[in-house]
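Student: I'd like a close look at one part of this protein, the salt bridges. Could you walk me through who pairs with whom and where the partners sit?

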Amino acid sequence: MNIRWNVILGLIALGSLGWFYSLNSDKPDLSNLVKKPDSPDYIGNKMETTVFSPEGKKQYLSTADKVKHYTVDGHTEFEMPLVYLFDVSTSNNAEKSNNSAKLLESQSWKLSAKKAKLTKNEMLYLEGDVVAESLEPTSRLQRVETQVAVVNLKTQDISSDTMVKINGQNFNSTGLKMVGNLRQQIATLKEQVKTYYEINKQ
């Protein structure tokens with residue numbers, strides 16, 4: 001009789017140990033729940049963001065396939081971004097004031113690239129098949145193509161230290177570096193500049 005009770009108590013003890021072990025082994029690894037210092041604070045897919053100037057006018061609108069935001073330094077990373085710049089220039093001319101609302105809501109430039117980084121001081125770093133395309137048919141500067149570019153979203157200054165191709169009204173140019181301003185429709189190429197003009201024959 002003692003042997004039978006010893007066997008039963010032994011089985012109960014083994015069962016209890018196995019159950020206790022299974023409870024401890026199923027405990028989740030909490031280290032996976034702690035955010036790593038170099039990981040983004042939030043990630044979004046297919047996002048659209050509109051940013052307004054201090055005067056309440058649209059400054060730019062951005063869309064991207066994927067967005068990652070880091071609060072440590074305030075920068076945001078984009079995959080396949082599209083950025084639409086708005087003309088936020090103002091005029092004191094009373095004659096132009098009637099059309100100012102319409103003008104200020106018009107998109108003037110479209111920026112695209114494979115990826116981009118936006119800093120908290122509104123500097124946009126574009127990389128991979130960068131294209132700046134004017135949305136105004138009468139713009140002197142129509143299209144800028146390069147691999148890497150930096151755009152100040154407040155002033156619309158643009159610069160690049162890689163090969164740049166520019167298309168404008170009746171001309172095409174290439175150069176190794178560029179500085180310019182999209183709002184003013186100007187671009188200056190530097191180093192190994194080649195320009196081709198189209199002459200309209202009438």
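Tutor: Here is a walk through the charged pairs, with a short stop at the nonpolar core and at one histidine.

Keep in mind that this is a predicted model. For orientation, the protein has 3 helices and 14 strands. Of its 202 residues, 32% count as buried. The exposed surface comes to about 13800 Å², and carbon and sulfur atoms supply 55% of that.

Now to the pairs themselves. Side chains of opposite charge can pair when their charged atoms come close. The structure holds 6 salt bridges, and three of them are worth taking one at a time.

Start with Lys114 and Asp129, whose closest N and O atoms are 3.6 Å apart. Lys114 sits in the loop between strand S5 (107–112) and strand S6 (115–118), while Asp129 belongs to strand S7 (residues 123–134), so this salt bridge ties together parts that are 15 residues apart in sequence. Are these two buried or exposed? Lys114 has 47% relative accessibility, so it counts as partly exposed. Asp129, at 41%, counts as partly exposed too.

Next, take Glu191 and Lys177, which form a salt bridge with 3.7 Å between the closest N and O atoms. This pair links distant parts of the chain: Glu191 is in the loop between strand S13 (186–190) and strand S14 (194–197), Lys177 is in strand S12 (residues 177–181), and 14 residues separate them. Glu191 has a relative accessibility of 43%, which makes it partly exposed. For Lys177 the value is 32%, again partly exposed.

These two are not the end of the story, since some salt bridges share partners: Lys110, Glu133, Arg143 and Glu145 are joined into one network that way. Within that network, the side chains of Arg143 and Glu145 meet at 2.9 Å, N to O. Arg143 is partly exposed at 27% relative accessibility, and Glu145 is partly exposed at 26%.

What about the nonpolar side? In soluble globular proteins, nonpolar side chains tend to be buried together. The largest nonpolar core here has 26 residues, and Leu85, Leu111, Leu124, Leu126 and Leu153 touch the most other members. Strands S5, S6 and S7, which we met with the first pair, are among the elements that give two or more residues to this core. The others are strand S2 (58–69), strand S4 (82–86), strand S8 (141–152) and strand S10 (164–168).

Leu124 makes a handy example from that group. Leaving aside residues up to four places away in sequence, Leu124 touches Val83, Leu111, Ala116, Lys117, Leu118, Ala149, Val150, Val151 and Leu153. On the scale of the whole protein, take the contacts with a separation of 6 or more: residues 24 or more positions apart account for 43% of them.

Last stop, the histidine. His69 is found in strand S2, one of the strands that contribute to the core. With a relative accessible area of 15%, His69 is buried. A polar atom of the His69 side chain lies 3.5 Å from the backbone oxygen of His75. His75 also turns up among the residues that His69 touches, along with Pro40, Asp41, Tyr42, Gly74 and Thr76, not counting residues up to four places away in sequence.

Definitions and conventions. Residues numbered from 1 in each chain as written. Predicted model: local features only at pLDDT ≥ 70, side-chain atom pairs only at ≥ 80, totals over all residues. Heavy atoms only, no water. Salt bridge = Lys/Arg side-chain N within 4 Å of Asp/Glu carboxyl O. Helix = DSSP H or I, 4+ residues; strand = E, 2+ residues; numbered from the N terminus. Buried < 20%, exposed > 50% of the residue type's maximum accessible area, 1.4 Å probe, protein only. Contact = heavy atoms within 4.5 Å. Areas by Shrake-Rupley, 256 points an atom, 1.4 Å probe, with all protein chains shown as cover. Core = buried A, V, L, I, M, F, W, Y, C linked by side-chain atoms within 4.5 Å. Polar contact = N/O pair within 3.5 Å; in protein donor to acceptor, adjacent residues only side chain to side chain.
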